[in-house]
Amino acid sequence: MYRFLFSSKWLGYFVLALIFATACVFLGRWQMDRRAETLAEINRVVSNYSATPIPFSEAKAQFQSLDPEKEWTQVELRGRYDVAGQRIVRNRPLNGQPGYEVVVPLRLESGDAVVVDRGWLPIGNKTPGRPDSIPAPPSGDVTVVVRLKPGEAKLDRGAVEGQLASIDLAGFAAELPYPLMTGAYGQLAGETPAPASMPVGFPKPATEEGTHLSYSLQWFAFGVLMFVGFGYAARQQARNARIDAEDDDDFGAAARVKAAGKPARKSKRRTSEEEEDAILDAQGY
């Protein structure tokens, strides 16, 4: 009854089911990979975000080449802001609102220089393409606590003077007259002395896992259900073929009896009325 599975039509159905199931497995594994990346980021946030700040001497190597596991680590820096080297980074949305970020070189007591991202500013209403005002960093010696962040890739779009398209540390360093550490920058967590006004601080990164696990399980389930559906369709096809074969046998037997001049033998299958009569007879009615 299942010989039809080797027909070109059903083989084609099986190939389509296999392709669909393979795509579902691929998408499910992709969601699992996304989940692994999300969990790794959550672990970094939980471990490093609120930990006790370490001195620059212990973190200097990270500013030269950041270990991904050290992202969000708090570092205490001492030095002076180079206000002349301050830049505005374009196209930096926050909570769905367009705006900018303010990055300023901090020249440390050790003679090194690192970039500090002091926060976010909304788009301005006075001059298109610029914030209305930029809060000045503290003057003189400051103590700054930052969280380590990796530099960003260079973007293929320009920016007006005094602005950057991204936090491309190597590109930023090329605009300054002194060496700049380009392995990482610091996202501001606190300043001493505190200025009169500051850009908007950055919110803590989310630590929710999200829906990657449920999506991956759904994709795997879709792949399995495709073969379940294929099996059900094959079973129905076999059942219909069996019924058609029985009808053909009854019709052939009736034709042979008629040709021999004998009354035709009734089909073995009873009608619903006959089944009801049999039930009533069995009950004595």
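The following dialogue examines why certain residues of this predicted model are described as they are.

Biologist: Where does Arg118 lie, and why is Arg118 called buried?

Modeller: Arg118 lies in strand E5, residues 113-122. Its relative accessible area is 2%, and buried means under 20%, so Arg118 is buried.

Biologist: What makes the pair of Arg118 and Glu191 a polar contact?

Modeller: The two side chains approach each other at 2.9 Å. A polar contact requires N or O atoms within 3.5 Å, so the side chains of Arg118 and Glu191 qualify.

Biologist: How do you know that the charged end of Arg118 sits over the ring of Tyr81?

Modeller: The charged end of Arg118 is 5.7 Å from the centre of the Tyr81 ring, and the limit for such a placement is 6 Å. Arg147 likewise lies over the face of Tyr49, at 3.6 Å from the ring centre.

Biologist: How many aromatic pairs does a search of the whole structure find, and why is the pair of Phe56 and Phe63 called tilted?

Modeller: The search finds seven aromatic pairs. In the pair of Phe56 and Phe63, the ring centres are 5.8 Å apart and the planes stand at 45°. Planes under 30 degrees apart count as stacked and those over 60 as edge-to-face, so this pair is tilted. Phe56, with a relative accessible area of 11%, is buried, and Phe63 is buried at 0%.

Biologist: What makes the pair of Trp219 and Phe222 edge-to-face?

Modeller: The planes of Trp219 and Phe222 stand at 85°, with the ring centres 5.8 Å apart. Edge-to-face applies to planes over 60 degrees apart, so the pair is edge-to-face. Both residues belong to helix H4 (residues 212-259), and because they are three residues apart there, about one helical turn separates them.

Biologist: Why are Trp219 and Phe222 called partly exposed?

Modeller: The relative accessible area is 28% for Trp219 and 39% for Phe222. Partly exposed covers the range between the limits of 20% and 50%, so both residues are partly exposed.

Biologist: Which residues do ring pairs link into a cluster?

Modeller: The cluster consists of Trp10, Tyr13, Phe14, Phe227 and Phe230. Tyr13, Phe14 and Phe227 also help to make a nonpolar surface patch of about 650 Å², together with Val15, Leu16, Leu18 and Ile19.

Biologist: Which helix gives the largest share of the nonpolar patch, and what makes Val15 suitable for the patch?

Modeller: Helix H1 (residues 8-48) contributes six residues, the largest share. Val15 lies in helix H1. Its relative accessible area is 44%, and patch residues need over 30%, so Val15 meets that requirement.

Biologist: Where is the cis peptide bond that joins Thr192 and Pro193, and what is its omega?

Modeller: Pro193 is placed in the loop between strand E8 (185-192) and H4, and omega of the bond is about 0°.

Biologist: Trp72 and Asn95 each have a positive phi although neither is a glycine. Which of them is buried and which is exposed?

Modeller: Trp72, with phi of about 80°, is in the loop between helix H2 (56-64) and strand E2 (74-81). At 6% relative accessibility, which is under the 20% limit, Trp72 is buried. Asn95, with phi of about 55°, is in the loop between strand E3 (87-89) and strand E4 (99-108). Its relative accessibility is 69% and exposed means over 50%, so Asn95 is exposed.

Definitions and conventions. Residues numbered from 1 in each chain as written. Predicted model: local features only at pLDDT ≥ 70, side-chain atom pairs only at ≥ 80, totals over all residues. Heavy atoms only, no water. Helix = DSSP H or I, 4+ residues; strand = E, 2+ residues; numbered from the N terminus. Buried < 20%, exposed > 50% of the residue type's maximum accessible area, 1.4 Å probe, protein only. Polar contact = N/O pair within 3.5 Å; in protein donor to acceptor, adjacent residues only side chain to side chain. Phe/Tyr/Trp six-rings, centres within 6.5 Å; stacked < 30°, edge-to-face > 60°. Lys NZ or Arg CZ within 6 Å of the ring centre and 35° of its normal. Patch = residues over 30% accessible without salt bridge, like charges linked within 9 Å, V, L, I, M, F, W, Y side chains within 5 Å. Areas by Shrake-Rupley, 256 points an atom, 1.4 Å probe, with all protein chains shown as cover. Salt bridge = Lys/Arg side-chain N within 4 Å of Asp/Glu carboxyl O.
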